[in-house]
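The following exchange examines how several structural terms are justified. Each reply sets a value beside its definition.

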Amino acid sequence: MHDDLTRWLDEARRRVAAMDAEPAFEHVGVVERVGDGVATVRGLPWTRLNELLEFEDGSQGLALRIDGDAVGCVLLGGGAGISAGGAVRGTGEIIRVPVGEGLLGRVVDSTGQPLDDGPPIAAERLDPTDRPAPGIVDRDLVTQPLMTGLAVIDAMIPLGRGQRELVIGDRKTGKTAVAVDTIINQRDSGVVCVYAAVGQKASTVNQVVDAVRRYGAIERCIFVVGESEAPPGAQWIAPYAACTMAEYFRDRGQDALLVIDDLTKHAIVYRQLSLLLRKPPGREAYPGDIFYIHARLLERAAKLAASLGGGSLTALPLAETLAGNLTAYIPTNLISITDGQIYLEPKLFYEGQKPAVNVGMSVSRVGGQTQAPAIKALSESLRLEYTQFLELEVFTRFGAMVDERTRGTIEHGRRIRAILIQPEFRPYPLAHQVALLLAVHEGLLDAIPLDRVDRLKADLGAWLAEACPRAVARIQETQSLADGDRADLLAALGDFLNRPAAGA
Ligand SMILES: Nc1ncnc2c1ncn2[C@@H]1O[C@H](COP(=O)(O)OP(=O)(O)OP(=O)(O)O)[C@@H](O)[C@H]1O
Ligand SMILES: [Mg+2]
């Protein structure tokens, strides 16, 4: 009996000694309240802001507000499996999403899980969604253009790689269309495009993906979707996740474009979450840090210094106005954060002037210096001529008699306006834009009926490729217009406009 006990004790000692156990802390609290996409938990005194919390059902949440012992948490899942009294574990981590080439061509949710029918994402690594922006010494000047393929923007409001440009306008004025055309135009430029949908209907997102699949290079695009049906927490982090995915390419020395569609809906989701978590509301009931959270996000767009690889991240946030009110809280915030805005006006849209860019109220504070020399030379006087024409046109609406010179200015302005109208999904290559601007600049179109200008726009690409392929190739390559090529283009334009068929 005694022997048995000794043997048993020895065995127990041996097993304890062989055990490989370390003391560990688990940070476990209790759910106090849950509902509407948020939860309040207690008993997690070490939780930090933005820490990732894990619930019993495996779903996750983010600590958005810490008030004494109570932690206000935004749910990233639906919250159906969470109930009051359940356990919640602090992870000590912040939320991370997959990054890498494996995401290219994919549609994912805001945590990086696939939403298309493809295989699981093969990620390079997991990066935090909230990363600090590059400091001033890490940045370089914005020197390269980001062509949108939309003549009105590339000629008058040019964008540079690394810039932040707001696309703003009322609902249904073509904001998404501008962004999609810009993505499509990157099919030959090598820029990686990341589209973040915040609070959009699933059908709208599908249309965007389909358009890029049909006309663009979808194999260099990522779609991060926090659709309107998704939990508010998932909608809220979508732009951060998308930004992290885009930064991976920026930090590798590549050029990336981040479209956020749109930040007004993002602000509204953040307001909803903040009110539910009882953060003190400020102007228009938005929490006081709404400016900070948008500025911090957009600040991550940058052109990096050569020592860091020289990559760039261009941000194209979208924002919706109500009845054209640019002075509302969120629009003014965003206008002051970004390096310029493209304002789309409903009146122009209904008149058929699409893209409905109001040139007078749009500006690009950075891109001018990056504009391709070929376009710059031709568009210097364009903006002035165009705005003068718009003023004069208002005048003549009242039936005022005008002299010959004014009539000339008006006819010229009408031609400018005509070449700026551009259908969706058909961004113009550089040489095409140069030829159009050259035709206007030289007054070749002034005596030609407006409907023939439309034909010119539609057929010009094919005509140029046939009539002067070498000039086209040189313009595309050097981005400038040599004298010889200019003469070639003018000759080709002359032939085109004099074609008997075109005159019929
Ligand atoms: N350049 C264009 N030429 C012809 N149609 C266009 C053009 N741009 C946009 N549209 C059409 O206008 C409609 C509204 O465009 P879009 O959805 O881009 O606007 P939005 O401002 O993003 O709208 P929302 O407020 O719903 O987000 C769409 O049906 C689109 O096809
Ligand atoms: Mg839209």
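The questions below concern domains, their interface, a ligand and some backbone features.

Q: What kind of model is this, and how are its parts numbered?
A: This is a predicted model, in which local features need pLDDT of at least 70 and side-chain atom pairs count only at pLDDT 80 or more, while totals for chains, interfaces and linings use all residues. Residues are numbered from 1 along each chain as its sequence is written, chains are lettered from A and ligands numbered from 1 in the order in which they are written, and side-chain values use heavy atoms, with hydrogens and water left out.

Q: What makes domain 2 and domain 3 separate domains?
A: The bounds come from an automatic or database domain assignment. That assignment gives domain 1 (27-94), domain 2 (98-369) and domain 3 (377-503). The C-alpha centres of domain 2 and domain 3 lie 31 Å apart.

Q: How do you know which residues of domain 2 and domain 3 are in contact, and how many are there?
A: Contact means heavy atoms within 4.5 Å. By this criterion, domain 2 contributes 26 residues and domain 3 contributes 19 residues.

Q: What is meant by the area that domain 2 and domain 3 bury?
A: Buried area is the accessible area (1.4 Å probe) that two parts lose on being put together, summed over both. For domain 2 and domain 3 the value is about 1,900 Å², with 58% of it on carbon and sulfur atoms. A151, M156 and Q353 supply 28% of the area that domain 2 buries against domain 3, more than any other three residues.

Q: How many salt bridges does the rule find across the interface of domain 2 and domain 3?
A: A salt bridge requires a side-chain nitrogen of Lys or Arg within 4 Å of a carboxyl oxygen of Asp or Glu. Across this interface of domain 2 and domain 3 the rule finds zero.

Q: Why is the approach of K172 to ligand 1 called a polar contact?
A: A polar contact is a pair of N or O atoms within 3.5 Å; within protein, one must be able to donate a hydrogen and the other to accept it, and residues adjacent in sequence count only if both atoms are side-chain atoms. An N or O atom in the side chain of K172 is 2.8 Å from an oxygen atom of ligand 1, so the pair qualifies. A backbone N or O atom of T173 lies 3.1 Å from an oxygen atom of ligand 1.

Q: What is notable about phi of E284?
A: Phi of E284 is near 50°, a positive value in a residue other than glycine.
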